[in-house]
Amino acid sequence: MLTAPAFAFFFAPPIFSFAISDTQNLIGLAVMTLVAVITSNLMQNVRSQAKIAAFRERRAAALYGLSKELAGAREEEDIVDIAVRHVQGEFGGSAALLLRNEKGELAYPTAESLPAPLRGIDLRVAQWVFKHGQVAGKGTDTLSEDRAIYIPLCGSQEAIGLLALEPASLRRVFLPEQRRLLETFCNQIVQALERVQSAERAKNAPSAQKRKPCATPCSAPSPTTCGRR
């Protein structure tokens, strides 16, 4: 943008003055100003696109890192550790992952998820969010006076846990791109938890159902059908 006034001051007669006496120089100055404005806008668009591309690349790397670690998790405690670490690394602040206990209520995991996890959250608020399946807490329209954000983790059939996050900055959570990223994080965490819980139920289930013996010997070779003579 400084090209046009520099041309007018140093090259267009009378020199060392911003006054222009020649009409042709005036037209040239207008063209230079127009080109400078267009070039400036194009450069701004290029910088914006570069920032967007860098953010999307970083988001893809974050999602890949989370999904890769979750895929190798075999215990709920491992998933809690991985989830809390990645959420805190991407969104800042402190986080805690609460799971449903045998009574159907939320509770802290038996194992510490991190050396200093977020443990000052209000379990009453967490239980309300878990029950109603609605995001609440800081930066929302519900229970906004609380210092943490409460996000229910809804599985394929029912809620299985809750993510509590005390962010360093609300912008890192509620910007549209960041919010979609957090939702994707939660979906991957839910899928990992359901996979581990399903495997645990299958492991604890009896390997085969006990069948009542036939009153008479079975003539059919199939173990699922009995034929009486």
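**View A. Strand S4 (149–154), helix H5 (171–174) and H6 each supply at least two residues to the lining of the second largest pocket.** The model is predicted: local features need pLDDT of at least 70, side-chain atom pairs need 80 or more, and totals for chains, interfaces and linings use all residues. Residues are numbered from 1 along each chain as its sequence is written, and side-chain values use heavy atoms, without hydrogens or water. Helices (H or I, at least four residues) and strands (E, at least two) are DSSP runs, numbered from the N terminus. The second largest pocket holds about 230 Å³ of space, a volume filled by probe spheres set on grid points joined across faces, edges and corners. A pocket is an open set of points on a 1 Å grid over the protein atoms alone, where a 1.4 Å probe fits, with protein on both sides within 12 Å along at least five of seven lines; lining residues have an atom within 4 Å of a point. Here 14 residues form the lining. Closest to the pocket centre are Val 135, Ile 151, Leu 182, Glu 183 and Cys 186. H6 gives the largest share of the lining, six residues. By class, 11 lining residues are nonpolar, one is polar and two are charged. (Ala, Val, Leu, Ile, Met, Phe, Trp, Tyr, Cys and Pro count as nonpolar; Asp, Glu, Lys and Arg as charged; the others, Gly among them, as polar.)

**View B. Phe 91 and Phe 185 form an edge-to-face aromatic pair.** A search of the whole structure finds one aromatic pair. Its ring centres are 5.7 Å apart, and 85 degrees separate the planes. (Rings of Phe, Tyr and Trp, the last by its six-membered ring, pair if their centres lie within 6.5 Å; planes under 30 degrees apart count as stacked, over 60 as edge-to-face and the rest as tilted.) Phe 91 belongs to helix H3 (residues 76–91) and Phe 185 to helix H6 (residues 176–204), so the pair ties together parts that are 94 residues apart in sequence. Are these two rings buried or exposed? Phe 91 is buried, at 0% relative accessible area. Phe 185 is buried too, at 1%. (Buried means under 20% relative accessible area, exposed over 50%, partly exposed in between, with a 1.4 Å probe and protein chains only.)

**View C. Five strands make an open sheet in the order S2-S1-S5-S4-S3.** The pairing is antiparallel. (Two strands pair if DSSP finds at least two bridges between them.) Strand S2 (106–107) and strand S3 (136–137) stand at the edges. Each has a single partner strand, so one side of each is left without a neighbour in the sheet. S3 joins S4 through two bridges. At that contact, Gly 137 has Ile 149 of S4 as its bridge partner.

**View D. Strand S5 (residues 159–166) pairs with strand S1 (residues 94–100) over six bridges, in the antiparallel sense.** Leu 98 has Leu 162 of S5 as its bridge partner. Ser 94 is matched with Glu 166 of S5. S5 also pairs with S4, again antiparallel, over six bridges. Leu 153 stands opposite Gly 161 in S5. A hairpin of four residues leads from S4 to S5. Seven of the eight residues of S5 are buried, so S5 is largely enclosed by the rest of the structure. S4 is mostly covered, with five of its six residues buried.

**View E. Cys 154 and Cys 186 are in no disulfide.** How many disulfides does a search of the whole structure find? The count is zero. (A disulfide is a pair of cysteine sulfur atoms within 2.5 Å.) For Cys 154, the nearest cysteine sulfur is that of Cys 186, 9.5 Å away. Cys 154 is partly exposed, at 45% relative accessibility. Its bridge partner in S5 is Ala 159. Cys 186 is buried, at 6% relative accessibility. Cys 186 is also one of the residues closest to the centre of the second largest pocket.

**View F. Gly 72 sits in the loop between helix H2 (23–71) and H3.** Gly 72 is exposed, at 51% relative accessible area. Its C-alpha lies 9.4 Å from that of Ala 192, though the two are 120 residues apart in sequence. In the whole protein chain there are six helices and five strands. From the N terminus on, the elements run α-α-α-β-β-α-β-β-β-α-α. Of the 229 residues in the protein chain, 32% are buried.
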